[in-house]
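User: I would like a close look at one part of this model, and then a walk through the features around the rest of it. Please keep it brisk.

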Amino acid sequence: MPDENEHQGGDDLLSEKWRSTISHDLRAPVVTIDLAASLLRDEPAVAQSPELSGLIRRIAGAAGRLNDMIQNISDSMLIEAGRISIHLEEVDIRTIVEDAIEAISLPPGRPVEPRLEAAPERARVDPDRVERALEILLRNADQFGDPGTPIKIDVAEENGWVSFSVINEGPAPPDGSKLFERFYRARVAGRAAPEGLGLGLFVARGLIEAHGGRIGFERDERERTVFSFSVPAS
C-alpha cells in the first residue's frame, strides 16, 4: 500500500513542475512580445503614425496583462502550498510606491496620485512582495474605478505599522466577504465581466499575511472604495 507521505511528495513534485512551467516556459514568449513592442515603439515610422502607436500600446498592454496573470498563478500555487518566501530588508518606501506605479503603466486618462507626507522614509519589509501587492490593488482600482477618475495612494506609519491604501471612485464590489477568495471575480452591474482569473486579491492577501500583516476593504465617508494593507515597520 503506498505511503501517504510518498503520495504527498509526488503531489508536491507535480505542483512544483507545473509552477516551473508556468513561471518560465509561459513567461518566455510574453517577454519576447513585450521586448519587440518596446523596440517597435522607438521606430520613426511608428512614432509618426497614431494608428501604429496605438496598436503597439495595445500589444504591450496585452503582454503586461498576460504576464500579470502568469505571476498570479505562480504566486497562488506557492501560497496554497505554504511556501511563499519573505526576504526582509531596509527599503525606501517611496521607491516601492514609484516602482509599483511605473510597473502597471496605466493609461494617461487614469492619473495616480501618491500622498506620502505621513509615510516613513524606510521600513523593513520584502520590497518585491509589498510592491507586488500594491500593483495588484492599483490594477484592481483601475479596473473598477469610474473612467477618468484618479487613483489615490495613501501611505502612513502608526504604532509600528506601515499602511498602504489605494482609493478609487466607483461602485463598491457587491460581496466584500468574498473579495480575497481564490478565483472570485467581482461583478459590477452595468459593466463588462472583469478580466483575469480572480487570483489577484487572493495573492495580495497571501503576500501581506506572510509578512504578519493584514489586508482589507471598506467604503470611506465619501463613498469611495478603499483597499488597504498594513505590514510591520520593523
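What does Asn159 count as, buried or exposed, and at what relative accessibility?

Analyst: Keep in mind that this is a predicted model. Asn159 counts as exposed, because its relative accessibility is 69% and the cut-off for exposed is over 50%. Its place in the chain comes next. Asn159 is found in the loop that joins strand E4 (151–158) to strand E5 (161–168). Its backbone is worth a look too. The phi angle of Asn159 is near 50 degrees. That is a positive value, and Asn159 is not a glycine.

Now compare a residue in a helix. Leu55 is found in helix H4. Leu55 counts as partly exposed, because its relative accessibility is 39%, which lies between the cut-offs of 20% and 50%. Leu55 also belongs to a nonpolar surface patch, together with Ile33, Leu52 and Ile59. The patch covers about 300 Å². Helix H4 supplies the largest share of this patch, three residues.

Helix H4 turns up again at a pocket. The second largest pocket holds about 180 Å³ of space. Helix H4 (50–80) and helix H6 (127–144) each give at least two residues to its lining. The largest share, five residues, comes from H6. What kinds of residues form this lining? Seven are charged, three are polar, and none are nonpolar. Among the lining residues are Asp75, Asp126, Asp128, Arg129, Glu131, Arg132 and Glu135. Gln71, Ser85 and His87 also line this pocket.

Helix H6 leads on to an enclosed space. The structure holds one cavity of 30 Å³ or more. The volume of the largest cavity is about 40 Å³. Both H6 and strand E7 (225–232) supply at least two residues of the cavity lining. H6 gives the most, with three residues. The lining includes Asn140, Ala141 and Phe144. Thr225 and Phe227 line the cavity as well, and so do Asn168, Pro171 and Pro173. This lining has five nonpolar residues, three polar ones and no charged ones.

Put the two linings side by side. The pocket lining has no nonpolar residues and seven charged ones. The cavity lining has five nonpolar residues and no charged ones. Helix H6 contributes to both: five residues to the pocket and three to the cavity.

Back to the starting point. Asn159 sits in the E4–E5 loop, has a positive phi and counts as exposed.

Terms used
Residues numbered from 1 in each chain as written. Predicted model: local features only at pLDDT ≥ 70, side-chain atom pairs only at ≥ 80, totals over all residues. Heavy atoms only, no water. 1 Å grid on protein atoms, 1.4 Å probe; cavity = no way out; pocket = protein on both sides within 12 Å on 5 of 7 lines; lining within 4 Å. Points joined across faces, edges and corners; volume = space filled by probe spheres on them. Helix = DSSP H or I, 4+ residues; strand = E, 2+ residues; numbered from the N terminus. Nonpolar A, V, L, I, M, F, W, Y, C, P; charged D, E, K, R; others polar. Patch = residues over 30% accessible without salt bridge, like charges linked within 9 Å, V, L, I, M, F, W, Y side chains within 5 Å. Areas by Shrake-Rupley, 256 points an atom, 1.4 Å probe, with all protein chains shown as cover. Salt bridge = Lys/Arg side-chain N within 4 Å of Asp/Glu carboxyl O. Buried < 20%, exposed > 50% of the residue type's maximum accessible area, 1.4 Å probe, protein only.
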